[in-house]
Each structure stands twice: as C-alpha cells, then as structure tokens.
Amino acid sequence: MITFKKFDLREYRDCLIVTDENIAKLYGIAGDNVYLLPQGEEAKSFAEAEKLCSWFLNKNLPRSGRIAAIGGGSVGDVTGFAASVYKRGVKLTHVPTTLVAQIDSSVGGKTAVNVGTVKNAAGTFYAADTVIDVGFLQTLDELQLKNGLGELLKYRMLCAEIEGISSSETVELVKACVSYKSAVCKTDPYDLNERRKLNFGHTIGHAMELSLRLSHGVAVANGLYYETLLACKMGKCGETYFLKWVGEIKTNFEIYPLTDEILNLTLCDKKNDGVDVGFVLPCDFEFVKLPLNKVKSFLL
C-alpha cells in the first residue's frame, strides 16, 4: 500500500527503525529502536545485511514485527533485503526521503545489495508499504536532487503524461511517477516482461555508477544518453527524437566518456541471458539482447 501523508516519527516508536546518520540528525531520529547504516552505496552489502539481521535478533524482533526504513534508496534496498530474509520475512514500511527513492526505489518491492563491483547483483522481490511525504524533498542538497532528476528524466521519456507535467509541480510529478511505476509493476511483479522497461538507462548506467563512482542519478542520465545513442545508431529511433532527448540530457548532466572497461561491466548486468547484454531501448522500449562487440562497435 502506498500512502501520501506527513511524516510523524511518533507513528514508528513501536517498530524498529533503520536509517543513516544524516537522516537521523536531520529529523531527530534516535533511541534504542534505531539502527544507523553507513551512507550511500557502502550500506548495500551482504555484510551490512548480516549486521542488520543480527540486530533484529538482539532486539527480539518477532516474525509479526515491523521494520521502518527511513531514508534514500540505499537504506531502503539493504533494509528491504534484510527484512525479506530475516525469519523468512517480517513486515516492512518504506519512508523514502529522497526524490529518487520516492519516485522509484521505494515502489515495486525490489530489494538489493551489491556484490563487488556489480550493482544490485543480489536481491529479492518483497512487498512492503510505502509512506511518502514530499516535504522531505525540501532538505535535499544539489547532489540528491540530481539523483532524482536522472530517474525523473527516465519517466518523462517513458510516459507522455509525465513529460507534460511542469517541472515546478513537484507533488504532481512524484504522484505521477509513483502511479506509473505501480501500474507497470502490478502487471509484471517479477520483472519478466513489461516491467523491464523501467530499467531503461540502467544497463550502462549501473556500470558507470560503480566504475566511475558516480551518483545514481548522474549515472542513469549517462545511461539514458548512451542507450538512446545506441538506439539511434541501430535505427530504432529517429534523429529528431534523439536530438530532443539528448539535448535535454546534456543541458542537465555532464556526459562522461565510455570506455572498454565500463562496457565490459555490462556483461554482469542482471538482465542478461547468456553471453549477450540486455538493453531496453527507445522508442518502443522493448527488451533486446545484443552481443557486446556489436555494442562496442556503435558506442566506442
């Protein structure tokens, strides 16, 4: 269930809370029922998930108990993973505090941890409640806003209705993205068909994120750029379409050069089946599998 309402910490005093140090300071989240994760991608590891499960055990969290993940995408990903495996699943509520978490990662029931240099290589599908307070967005710094804008750009390219909403109408944009993703996930909860289009920009984006240590949104925007370029060179979208969206991407984001090493990392993407690399490409946003050497011939 997804609810839009004002955040009230008092509503979470009877459950265990997982957040990070920055969020804890900003919103006065403290107490014996609070666990602080490292910030960012450092939180998304098996080691941190194991620490969380040990903490749940030490707190005698029963299978009927509830965990609240208050924070951005990394907090939600690793907390969701731990909640899904602890005693084979306990109740979970996401309280996303960043734009990228509100419009994307807190919706749809995916959990994840990174394995080595491969982003989201392990994870589960696990249903959770989500409580969204757009007031959190007022505290975001420029980097976190950039993160959200990268994912928002993806949704604008996927959905004409979202594209038509003014960039100043934050609440409407968040609700439209949540509605769109929820509808797609409902038709394909396990990411086998229709839901794959939500991965647009993420095959190359995830490889760039960990290889270049970019923020998620900047990496996704770069992924959108290169995957749209790939579609154009393959004749899947026209030059007018390409110039429109590439122009918008370049206006808002720095484009980093692709390397052979970065493209080699796409072989580890979880969408792959066999030796080919899986992509979702405009304009039809259908899933295609391409030999890596063919991708390199177009992009390098």
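About 110 Å³ of space lies in the largest cavity of this structure, which is a predicted model. It is one of 2 cavities of 30 Å³ or more that the structure holds. The largest cavity is lined by Thr117, Val118, Lys119, Thr203, His206, Ala207, Leu265, Thr266, Cys268, Asp269 and Lys270. Two elements, strand S7 (118-122) and H8, each give two or more residues to this lining, and H8, with 3 residues, gives the most. Sorted by class, the residues around the largest cavity are 4 nonpolar, 4 polar and 3 charged.

The second largest cavity encloses about 60 Å³ of space. Its lining is made of 14 residues, and those that lie nearest its centre are Gly71, Gly72, Gly76, His94 and Ser106. At least two residues of the lining come from each of strand S4 (66-71), helix H3 (73-85), strand S5 (91-96) and helix H4 (99-105), while the element that gives the most is H3, with 4 residues. By class, the lining of the second largest cavity has 6 nonpolar residues, 7 polar residues and 1 charged residue.

Besides the cavities there are pockets, and the second largest pocket has a volume of about 400 Å³. Of the 20 residues that line this pocket, Leu99, Leu149, Leu152, Ser167 and Leu173 are the closest to its centre. The elements that give two or more residues to the lining of the second largest pocket are helix H5 (142-158), helix H7 (170-187) and helix H10 (239-252), and among the contributors H5 gives the most, with 5 residues. The class count for the lining of this pocket is 13 nonpolar, 5 polar and 2 charged residues.

The table below sets out these three spaces.

| Space | Volume | Nonpolar lining residues | Polar lining residues | Charged lining residues |
|---|---|---|---|---|
| Second largest pocket | about 400 Å³ | 13 residues | 5 residues | 2 residues |
| Largest cavity | about 110 Å³ | 4 residues | 4 residues | 3 residues |
| Second largest cavity | about 60 Å³ | 6 residues | 7 residues | 1 residue |

The charged side chains are the next topic. With a salt bridge taken as a side-chain nitrogen of Lys or Arg within 4 Å of a carboxyl oxygen of Asp or Glu, the count comes to 19 salt bridges. One of them is formed by the side chains of Asp104 and Lys154, which meet at 3.2 Å, N to O. This pair links distant parts of the chain, with Asp104 in helix H4 and Lys154 in helix H5, 50 residues apart. Asp104 and Lys154 are both buried.

Another salt bridge brings together the side chains of Glu209 and Lys119, at 3.1 Å, N to O. Because Glu209 lies in helix H8 and Lys119 in strand S7, this pair ties together parts that are 90 residues apart in sequence. Glu209 has a relative accessible area of 3% and is therefore buried, and Lys119 likewise counts as buried, at 9% relative accessibility. Lys119 has already appeared above as one of the residues that line the largest cavity.

In a third pair, the side chains of Arg156 and Glu248 meet in a salt bridge of 2.2 Å, N to O. Arg156 lies in helix H5 and Glu248 in helix H10, so the parts that this pair ties together are 92 residues apart in sequence. H5 and H10 were also named among the elements that give two or more residues to the lining of the second largest pocket. Arg156 is buried, with a relative accessible area of 17%, whereas Glu248, at 24% relative accessibility, counts as partly exposed. Salt bridges that share partners also join Glu41, Lys44, Asp77, Lys119 and Glu209 into one network, and the bridge between Glu209 and Lys119 described above involves two members of this group.

The surface carries a feature of another kind. Phe125, Tyr190 and Leu192 form a nonpolar patch there, and together these residues have about 340 Å² of accessible area. Within this patch, Tyr190 is found in the loop between H7 and helix H8 (202-212). Because exposed means over 50% relative accessible area, Tyr190 is placed in that class by its relative accessible area of 53%.

Terms used:
Residues numbered from 1 in each chain as written. Predicted model: local features only at pLDDT ≥ 70, side-chain atom pairs only at ≥ 80, totals over all residues. Heavy atoms only, no water. 1 Å grid on protein atoms, 1.4 Å probe; cavity = no way out; pocket = protein on both sides within 12 Å on 5 of 7 lines; lining within 4 Å. Points joined across faces, edges and corners; volume = space filled by probe spheres on them. Nonpolar A, V, L, I, M, F, W, Y, C, P; charged D, E, K, R; others polar. Patch = residues over 30% accessible without salt bridge, like charges linked within 9 Å, V, L, I, M, F, W, Y side chains within 5 Å. Areas by Shrake-Rupley, 256 points an atom, 1.4 Å probe, with all protein chains shown as cover. Buried < 20%, exposed > 50% of the residue type's maximum accessible area, 1.4 Å probe, protein only.
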